[in-house]
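Q: Hi! I'm new to this one, could you walk me through it?
A: Happy to, let's bring it up first.

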Amino acid sequence: MTNERLILGPPGCGKTYTLIERIRQAFDDGVRPEEIAFVSFTRKAIQEAVERVLDEFGMNIKQLAYFRTLHSIAFRALGLNRSSIMDNDDWSALGRNLGMSFSGMDKTDPDEGILLSSVGGSGSKYVQVLDRSRYRGVSLEQEYNEAEDYDLYFSKLEQIKKATITYKSLQSKMDFVDLIEKAMHAQFPHFKLLIVDEAQDLTPLQLDMVKHMAQSSDEVIYAGDDDQAIHRWTGVDVKKFITLTDNIEVLSQSYRLPKKVHALSQQIANRIQGRIPKEFHPREEEGKVEYHLTLDTVPIHKGSWTIMCRTNSFVKEFADQLREAGYLYAVKGNPSIDPKLGEAMLTWRILQGGGRIGVLQAQKLYEVVPKQGDHAVVRRGAKKLLEAAAPDAMMTYEDLTKFGLIAPLDRDAMDIARLGSDDKLYVQSIERRGESITEDPRIKVSTFHAMKGGEDDNCVVFLASTKACVESRYPDDEHRAFYVGVTRARKELHLLDTDKRYRYEI
């Protein structure tokens, strides 16, 4: 009989550490790496586990063959290749047959763990309703009624469903829901240990696949937190997670949350209906929780900050506001000024000051600067000339003119980096603040969903929401989303109020 347990990891309570320690114990007991499966919803969770295991135990990544997303596990188990999966050409052909558009490359990837099709066009919402009904294991009629999207027609849904099934059959193709459905009949290896991380984010269909894998496993550990289940829109049913097993362990010490942040987070968590009650303790530090009417009063001028919002539209508003104020920032890991351009400017200024740069630094400069026209900085093919230079050579401006550099030394660094007039003003504002455009931004802007699993010293939570969120038939979704937001803070939490019509009440 399979030994199953559920590890509940409240924010910052060392869930990943606990799982890695269980893997250590398995290795000590003689379990081989290939006898362990570590699966999750997204690649992010898998990458963290892989990095920790490689760092702790010094093994080859090839030994961790079953540390994968569920889609990737299914992909391998079924012996498929990328050509087996519906691609952009397939969606375009299907769209032509239906008189609809499925535009843009589908960014859904079996290794990314993304669930709903991300193709655009007039048919995209129909495909997402079809996918959700399959992930949830409910009829198409039920999914359509519960979606309450009155721009969609049920007869069209049925037509698309039939056409898609026919097309996939004729072309021997699969979509990403097919991967999980067909994996239910695949033969998996015998695992001594199966770990399912972030299990609260799995749809009923994915949980069925996990249960299928569990049948050939000696020990199964589900890990997650029902209070952080914020993916209902993909078809997740948190009740399935809560009832996985009666054998439950709660990690009881947060190494992230100070006392004041913890206290506020529990006020929010206690609003969630039907949750698993869990007691966990904060750090000894008091921390700070402050309320603000405008971003101007939040001390973002120093230290590391993450500003979090309910939706991407709010993220864009803050990005625009930070740019206007002359702050360097990042959205989803993308800095507001390309670091390569910043490095090119810094390199050019070194040359202007009579300094020397290495060959690799020169090559990076040559990669991003104009190579033709009136504003050319180097000749076309100049990077190739650098290959003839000694690898350890240190070069001045005069030296580089022998390797294709043609821009006069008095040209402004921002022209060298091809910055437009708006970007020039923006960079000048950043530098007036004394910040470097070549360093990682201190300030990040994110949705709660994108920040899940992350943390920062100082966090701003914007209290604005949307009509759809506030008036949802599932009010717990709103509580969970803001719970995730406030529990990212290691030191200070700043709650930013709003004059927008819809907001979250704390």
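**Pocket, cores and sheet**

A: Let's start with a pocket, keeping in mind that this is a predicted model. The second largest pocket has a volume of about 240 Å³.

Q: Which residues are closest to the centre of that second largest pocket?
A: They are Ile46, Val50, Ile61, Phe67 and Arg68, out of 13 residues that line the second largest pocket.

Q: And which elements give two or more residues to its lining?
A: Those are α2 (43–57) and β3 (67–69). The largest share, four residues, comes from α2.

Q: How many of the lining residues are nonpolar, polar or charged?
A: The lining of the second largest pocket has six nonpolar, three polar and four charged residues.

Q: Okay, new topic: which residues touch the most other members in the largest nonpolar core?
A: Leu322, Tyr366 and Leu400 do, in a core of 54 residues.

Q: What does leucine 400 touch?
A: Leaving out residues up to four places away in sequence, Leu400 touches Leu351, Ile357, Ala362, Tyr366, Leu386, Met395 and Leu405. Another core, of 42 residues, lies apart from the largest one, and its members include Ile46, Ile221, Ile268 and Val461.

Q: Cool. What's the strand order in the open sheet of seven strands?
A: The order is β7-β15-β14-β8-β13-β9-β10, with mixed pairing. At the edges are β7 (288–292) and β10 (334–335), each pairing on one side only.

Q: In which sense do β14 and β15 pair?
A: Strand β14 (residues 456–462) pairs with strand β15 (residues 489–496) in the parallel sense, over six bridges.

Q: And what stands opposite valine 460?
A: That's histidine 494, in β15.

Key
Residues numbered from 1 in each chain as written. Predicted model: local features only at pLDDT ≥ 70, side-chain atom pairs only at ≥ 80, totals over all residues. Heavy atoms only, no water. Core = buried A, V, L, I, M, F, W, Y, C linked by side-chain atoms within 4.5 Å. Buried < 20%, exposed > 50% of the residue type's maximum accessible area, 1.4 Å probe, protein only. Contact = heavy atoms within 4.5 Å. 1 Å grid on protein atoms, 1.4 Å probe; cavity = no way out; pocket = protein on both sides within 12 Å on 5 of 7 lines; lining within 4 Å. Points joined across faces, edges and corners; volume = space filled by probe spheres on them. Nonpolar A, V, L, I, M, F, W, Y, C, P; charged D, E, K, R; others polar. Pairing = 2+ DSSP bridges.
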